[in-house]
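Dear colleague,

Please find below the structure that I am handing over to you, together with its sequence. My notes on what was found follow directly after it.

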Amino acid sequence: MPAESAIIRIEAVEKRYQLGDEVEVRALRGVDLEVSAGSYLAIMGPSGSGKSTLLNLLGCLDRPSAGRYFLGGEDVSQMPDDALSEARGRKIGFIFQSYNLIAQLTVIENIQVPLLYQGKDLRAYHDHCLKLAELVGLGDRLHHRPNQLSGGQQQRVAVARSLVNDPLMILADEPTGNLDSKTGQEVLDLIDRLNQGGKTIILVTHDDRVASRAHRIIHMKDGLIDREVVMRPPPGRTPTSAN
Amino acid sequence: MLTFQFLSTVRLGIKSLMLHKLRSALTMLGIIFGVCSVIAMLAIGEGASYEAQEAIKKLGSNNILLRSLKPPEQARQQGSGASRGMQLKYGLTYEDGARLHSTIPGVLRVLPMRIIRENVRFGRNEIPCQVIGTLPFYTEVTGAGVVSGRFLAHMDEQHQENVCVITTGLARRLFPNQNPLQHAVKIDAFYYRVVGIVQERSQPEQRSQAGKMEGQPLDNNVYISLNTSRTRFGDVLIRRSAGSFEAEEVQLHQITVQMRDLAAVETADPQIKTLLSRFHDQNDYEIIVPLQLLRQAEQTKRIFNIVLGSIAAISLLVGGIGIMNIMLATVTERTREIGVRRALGAKRRDITMQFLVETVVLSVGGGIIGVCVGVVTPVVVSQLTTMRTIVTLWSVLVAFGISGAVGIVFGLYPATAAAKLDPIEALRHE
């Protein structure tokens, strides 16, 4: 995929919520955004700025009230529920603030979950999942349950899980919010390496230091993109592997 | 591929249930009790009706039984009994037998019986018995089988021979250590040579003299030919008891009418009633139609099964409600997990499937355990009580099927409720 091609294109996207009978909240008021493959984007903004709403839309968890959203060239703005689920499963990798691993499953099984909903034969992907576990440094903890792991380890399992279906982009929602600064650094380093390996990263945070790792930062305010900072140009494809 | 996915869903369901072992076990308990009680109750019902039906079948479904009855006290004083003083005359007569044979269509055989209670003696042994005067084709009508020797023959009947046939039970008691054949037993004042031993299928007369026989051993029967009985004992029977005596004249105590087929039994029943009522001015006989008894027993069994089954079904229902309750709680508790799964690409139907499978695993698991316990329970009941129990395959299948259906029916609502959750809301759920 060429570096300059936009994998995300949002055109005049609005999101309105009906609260009660009369009150209408306009969480997004016409946002335009393009994200090219391989970029590292941070979204910042105070609460109520529409940051979370934008993230939900980008993650295909919600549909815009108006406007269009092209994900990998496909218009997903008015897709039915099942098709949206399909799009999430195939194109997006999620990393959540509170890890959100499934408690009754082991590390390796948690990594496999997205494959399950693609109807893939897990046995064929076993080696793939093993490699991912090793990539995040948990090759020796495959059969541990989430409650036997530290927060940093859990988040690294979540990173591996977000990679398993080889998504177009990885959406990270405050990935270090529940971690101490040291383990937070480790997880962010891991994400950096993924980006260096060519993954598109979109990261939501309110921590400037976290955002500073991105190449491009957009600040949300009152449902609009307030300003945009380009830290450095998107890097040329360096041949360094994620490892 | 699909089956693999289904299997992993089942595996996941079991895993999720194992996360809360006690809760799952308690939830299952409702289904276990439900299934177990369905099977056990139906087994007890089945056993009870089986015994009743067997007893009736032994009477022979092609047969119609007529029995002499002592008329009730009041009727006796007004009727013929009073005019004859102490001697009471009632019951079926030889003519009745002849008339039945010649007028009722479809009659195969008419078997008359005189049943007299006498002590039978051999050596030092003396046993109270029923001395039954009957005809040679007794065995064909009642299905009694000759164990050794022979049954009564026409020659015995013609010559009023003093020969007798005894039942296996009596043979055991009267001749503990020897072969009874060719020995003679003494009944009243006469000796009778034993020519055969028979095995009874049923009791020809269990209450010959209007309910005075309770507590008597049931298979102490001696068979002599009808003519012999008539000449040796006469038609007037005298019984003495503590300072009073009773004389009654009864020609026949029982007539068994064997019909050609089942259809003939149906039509003959009212005809016999009409015929007998013309010659009997008092109600001194009863008509027993085993076929009708059998039908009634089957009807009773059906009602019995419905009642027992519904009681047990209610407990299954309660178990199902328990499952639904727990699953609703589980869905709330696992809202976050549902949100995560949805975010990772699960469609609504994947979530529905996951929780439905979990419920069905619970209920079918409970069903399997319930079937095991339910099959064992009747056996234990039979051991502890004298009740007979029969576990039928269909009751097991029905109980198991219902438990599965309960899982689906009561799992559907929690599962769809889980699938309907908005992924964003679910992810935000604490």
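The model is a predicted one, and I therefore begin with its confidence scores. Chain B has an average pLDDT of 84, with 90% of the residues scoring at least 70. Among the elements of this chain, the lowest mean pLDDT, 44, belongs to helix α4 (residues 80–83) of chain B, and the highest, 94, to helix α12 (residues 335–343) of chain B. In residues 79–85 of chain B the pLDDT is below 50, and the stretch makes ten contacts in the model beyond near neighbours in sequence. Residues 204–217 of chain B also have a pLDDT below 50; for that stretch the model shows 21 contacts beyond near neighbours in sequence. As a whole, the model scores ipTM 0.91 and pTM 0.72.

I turn next to the contact between the chains. Chain A contributes 23 residues to the contact and chain B contributes 20 residues. On the side of chain A that touches chain B, two or more residues are given by each of α2 (81–91) and α3 (107–116) of chain A. The largest share of that side is the six residues from α2(A). By character, the residues on the side of chain A comprise nine nonpolar, eight polar and six charged.

The remaining notes concern the sheet in chain A. It is an open sheet of six strands with mixed pairing, in the order β6-β7-β8-β3-β9-β10. Because β6 (92–95) and β10 (224–230) of chain A are at the edges and have a single partner strand each, one side of each lacks a neighbour in the sheet. From one strand to the next, the twist averages 20°.

Strands β7 (residues 169–173) and β8 (residues 200–204) of chain A are parallel and share five bridges; here A:Asp173 has A:Val204 in β8(A) as its bridge partner. Helix α6 (residues 181–196) of chain A packs on the sheet, where it touches β3 (40–44), β7 and β8 of chain A, and its direction makes about 145° with that of β8(A).

The pairing of β3(A) with strand β9 (residues 216–221) of chain A is likewise parallel, over four bridges, and A:Leu41 stands opposite A:Arg216 in β9(A). By contrast, β9(A) and β10(A) pair in the antiparallel sense over six bridges, with A:Ile218 opposite A:Glu228 in β10(A). These two strands form a hairpin with two residues between them, and A:Asp222 in the turn has a positive phi of about 50°.

Yours sincerely

Terms used. Residues numbered from 1 in each chain as written. Chains lettered and ligands numbered in written order. Predicted model: local features only at pLDDT ≥ 70, side-chain atom pairs only at ≥ 80, totals over all residues. Contact = placed C-beta atoms within 7 Å. Nonpolar A, V, L, I, M, F, W, Y, C, P; charged D, E, K, R; others polar. Pairing = 2+ DSSP bridges. Axes fitted to C-alpha atoms, helices over the stretch in contact; angles between N-to-C directions. pLDDT = per-residue confidence, 0-100.
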